[in-house]
Amino acid sequence: MAGARVPLWAICMLRVALATVYFQEEFLDGEHWRNRWVQSTNDSRFGHFRLSSGKFYGHKEKDKGLQTTQNGRFYAISARFKPFSNKGKTLVIQYTVKHEQKMDCGGGYIKVFPADVDQKNLNGKSQYYIMFAYMSLKDWEKHFLDASASKQSDWNGELDGDWPAPMLQKPPYQDGLKPEGIDKDIWLHHKMKNTNYLTQYDLSEFENIGAIGLELWQVRSGTIFDNFLITDDEEYADNFGKATWGETKGPEREMDAIQAKEEMKKAREEEEEELLSGKMNGRERYFNRFHRRNEL
């Protein structure tokens with residue numbers, strides 16, 4: 001007797017049903033995001049966010065995210081969700097970040113907090129479980145964080161933010177052997193005396209995860225954060241990534257390239273106008289002097 005055949009769509013639906021999505025944010029309902037995200041009032045000088053798709057995008061509405069708006073500011077904002085423990089489970093955290101501005105110095109990372117975090121007073125000293133920073137894989141293969149380095153004596157945590165450990169360069173490949181170093185997916189934590197940092201616990205399992213947020217510094221604003229996801233299912237996360245950034249990255253690049261060409265064309269035209277204007281002005285001055293001499 002032949003076994004019953006299960007439709008592929010049913011298998012896919014079952015897979016989605018098995019996935020636990022702890023938090024997902026795409027900012028698809030306009031300004032209602034303000035009901036879910038809490039701006040910290042710990043410092044009146046904190047910068048503010050707005051919802052924007054930026055200068056270039058794949059879809060003007062779907063690609064909207066939280067954008068920093070003021071230069072030379074700290075930012076602190078967070079969203080809460082039902083607390084959970086990832087003990088014995090897979091934990092996937094992902095998001096998209098877009099820097100449209102020329103970056104001098106600024107954060108592009110997110111933090112995951114305990115459920116009891118004080119959102120209204122969120123700041124650089126707030127305890128967090130994970131600080132998830134992004135780095136290209138070109139970078140990971142050539143460098144790693146120096147976990148033995150000491151903090152600069154003149155570094156002020158309140159003014160300068162979290163101290164970033166320096167990067168060390170890995171030795172080059174030799175005789176076909178890979179250099180000793182860290183795996184590209186491991187984040188090295190620098191042990192510090194500050195009690196806000198969890199240094200004596202398993203840094204992969206947490207009992208009371210309950211909030212996600214942006215607590216960072218930007219010299220030049222304009223960065224956009226979007227498509228936040230926290231789940232226990234890698235396949236769901238992969239599909240979500242393909243449906244968001246995977247769909248928009250191509251059109252974004254095309255729009256950016258078109259705008260870059262238009263800006264270059266405009267700059268050339270303005271330069272040519274200035275040169276032509278300068279030459280004409282020079283001739284006028286010459287003829288004016290000539291006529292005045294004849295009048296004498």
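Modeller: Let's start with burial: a residue is buried under 20% relative accessible area, exposed over 50%, and partly exposed in between, using a 1.4 Å probe and protein chains only. Arg34, with a relative accessible area of 46%, is therefore partly exposed. Keep in mind that this is a predicted model, where local features need pLDDT of at least 70, side-chain atom pairs count only at pLDDT 80 or more, and totals for chains, interfaces and linings use all residues. Residues are numbered from 1 along each chain as its sequence is written, and side-chain values use heavy atoms, leaving out hydrogens and water.

Colleague: Thanks! What share of the 296 residues is buried?

Modeller: In this protein, 33% of the 296 residues are buried.

Colleague: How many helices and strands should I look for?

Modeller: Both are DSSP runs numbered from the N terminus: helices are H or I with at least four residues, and strands are E with at least two. Here you will find five helices and 12 strands.

Colleague: And how do I read contacts? What part of those with a separation of 6 or more joins residues 24 or more positions apart?

Modeller: A contact means heavy atoms within 4.5 Å. Of the contacts with a separation of 6 or more, 76% are between residues 24 or more positions apart.

Colleague: Now salt bridges, please. How many does the structure hold?

Modeller: The general idea is a side-chain nitrogen of Lys or Arg within 4 Å of a carboxyl oxygen of Asp or Glu. By that rule the structure holds nine salt bridges.

Colleague: Which residue does Arg34 pair with?

Modeller: Arg34 pairs with Glu31, and their closest N and O atoms are 2.8 Å apart. Glu31 is partly exposed, with a relative accessible area of 46%.

Colleague: Which parts of the chain does the pair of Glu252 and Lys98 link?

Modeller: First the distance: the closest N and O atoms of Glu252 and Lys98 are 3.4 Å apart, which fits a salt bridge. This pair links distant parts of the chain, since Glu252 lies in helix α5 (residues 245–295) and Lys98 in strand β6 (residues 92–98), 154 residues apart.

Colleague: Are these two buried or exposed?

Modeller: Glu252 counts as buried at 13% relative accessibility, and Lys98 counts as buried at 10%.

Colleague: Which residues do salt bridges with shared partners join into one network?

Modeller: That network consists of Glu25, Asp29 and Arg36. Within it, Arg36 and Asp29 form a salt bridge with closest N and O atoms 2.7 Å apart. Arg36 is partly exposed at 32% relative accessibility, and Asp29 is partly exposed at 31%.
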